[in-house]
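Student: Hey, got a minute to go through this model with me? I'd like to start with the backbone and then move inward.

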Amino acid sequence: MSTQVPSLVPGLAGIPAAESAVSFIDGQQGILEYRGHRIEVLAQRSNFEEVTWLLLHGELPTAEELTGFRAELASYRELPQGVVEMLSKLPADGHPMAALQAGYAALGMHCEGKLCARGDDIAQIIAATPSLVAAFARLRRGEEVIAPDSALDTAGNFLWMLRGEKPGEIEQHVLDTALVLHADHTMNASTFTARVVGSSEADPYTVCASAVGSLKGPLHGGANERVLAQLEGIDSPAAVKVWLDTQLHEKGKVMGFGHRVYKTKDPRATILQGLARELFEKTGTTPIYDVALALEAAVLERLGERGIYPNVDFFSGIVYQKLGIPTDIFTPIFAMSRVAGWLAHWHEQMADNRIFRPGQIFIGSHGAQYSEIDSRG
Ligand SMILES: CC(C)(COP(=O)(O)OP(=O)(O)OC[C@H]1O[C@@H](n2cnc3c(N)ncnc32)[C@H](O)[C@@H]1OP(=O)(O)O)[C@@H](O)C(=O)NCCC(=O)NCCS
């Protein structure tokens, strides 16, 4: 038997952690597919509810299935009163991702096999996510929670529940497309978290609460918030080069650039950039868009050779800001969409589950001597 110790791969880069049929990325060519469908086609012709069904079931829904699914989601949008009360007691200056994490845990306590046990935890969680985000965003400002409107889809309802005004067509379309783009992305950190937590047979509310914690970090979903702060910190397109030199000299990361898998421009960034343009044509441009274009060109010149290109987070914040969404709600919007992917992966994991229990390379010592507390150094 071989005694060779496997070497450590930091971040498990390139190491398969599961077999999955949910999505596919070709990082060299910039290809993303959900269940075999190219993201460009889905962004143009589909919608978030249809894509969610596709990820969960493996096939596009029939008209009847989609109508039924939309109705099911609509029936689960209203939050249990106990969950709203819990959200209202959280610190108003706390991060909405922490509120979402708490919200999922509370929802599970109220719903799993209990008060709202109508059988589908998956539909409950997906439908309740925008409601949790919008409810906390209002409660922290001392405003009333707005009841969902069953005539609106996920994107439209979210804007309605957040702002208390019926959204315009272009706003709904832009947010719906952004939700399509973020719904799944192979074995990223939060999806891996979902699979690991699910593998212990934890319930799906706990799975999603854990995945939200992973998505919150600035190297993952939290980057979109940071991108906007970064762009707002650069005075003008003319100031970009000096800013970038300083950033790279100080070994800082440029937020919204780089990806573990993509070594070319993330296809979702290209689509989001198109959406930003579409939105600006209708509602006027924003000065940070010009800064963003100058930054993309400067990074390409300095880091393009190393495969560091814009990722999905680079243009999403610009779009959300234009929709009047507060900066700290950007990552929760990512979660509103990615929850579909988490649950599709959870389903897949549970269909052939073995609890995750990787090995380690022990670098500690043996034979340590216990000393009494008064004689320690
Ligand atoms: C996404 C990310 C975490 C991928 O990480 P990774 O695959 O582990 O790659 P690393 O962080 O090890 O980067 C490899 C090299 O490229 C550099 N690099 C990667 N992304 C960079 C960025 N955005 N800005 C500057 N340098 C970057 C690293 O400094 C590192 O350089 P080194 O080899 O000299 O140490 C990383 O690109 C990053 O931190 N990007 C910024 C945050 C972000 O936008 N996240 C959203 C991801 S969708």
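Student: Where does Leu12 sit, in terms of segments and strands?

Tutor: Keep in mind that this is a predicted model. Leu12 is in the segment before strand E1 (23-26).

Student: What's the phi of Leu12 like?

Tutor: It's positive, about 50°, although Leu12 is not a glycine. Leu12 counts as partly exposed because its relative accessible area is 45%.

Student: And Lys251, what about phi there?

Tutor: Also not a glycine, and phi of Lys251 is positive, near 60°. Lys251 lies in the loop between helix H12 (240-249) and helix H13 (267-283).

Student: Is Lys251 buried or exposed?

Tutor: Exposed, because its relative accessibility is 75% and the cut-off for exposed is over 50%.

Student: New topic: which residues make the nonpolar surface patch of about 360 Å²?

Tutor: Leu8, Ile361 and Ile363 make that patch. Ile363 lies in the segment after helix H16 (330-351), and at 80% relative accessibility Ile363 counts as exposed.

Student: OK, inward now. How many residues does the largest nonpolar core have?

Tutor: 113, and Tyr104, Leu295 and Trp342 have the most contacts inside it. Helix H6 (residues 121-139) supplies the largest share of this core, 12 residues.

Student: Which domains does this core draw on?

Tutor: It takes at least three residues from each of domain 1 (20-217 + 326-351) and domain 2 (223-322).

Student: What is Leu295 in contact with, leaving aside neighbours within four places in sequence?

Tutor: The partners of Leu295 include Leu231, Ile234, Trp243, Phe257 and Phe314. Gln230 is also one of the residues in contact with Leu295.

Conventions: Residues are numbered from 1 along each chain as its sequence is written. This is a predicted model: local features need pLDDT of at least 70, side-chain atom pairs count only at pLDDT 80 or more; totals for chains, interfaces and linings use all residues. Side-chain values use heavy atoms; hydrogens and water are left out. A nonpolar core is a set of buried Ala, Val, Leu, Ile, Met, Phe, Trp, Tyr and Cys residues joined through side-chain atoms within 4.5 Å. Buried means under 20% relative accessible area, exposed over 50%, partly exposed in between (1.4 Å probe, protein chains only). Helices (H or I, at least four residues) and strands (E, at least two) are DSSP runs, numbered from the N terminus. Domain bounds come from an automatic or database domain assignment. Contact means heavy atoms within 4.5 Å. Patches are made of residues with over 30% relative accessible area and no salt bridge: like charges are joined within 9 Å, nonpolar side chains (Val, Leu, Ile, Met, Phe, Trp, Tyr) within 5 Å. Accessible areas come from the Shrake-Rupley method with a 1.4 Å probe; for residues, only the protein chains shown count as cover. A salt bridge is a side-chain nitrogen of Lys or Arg within 4 Å of a carboxyl oxygen of Asp or Glu.
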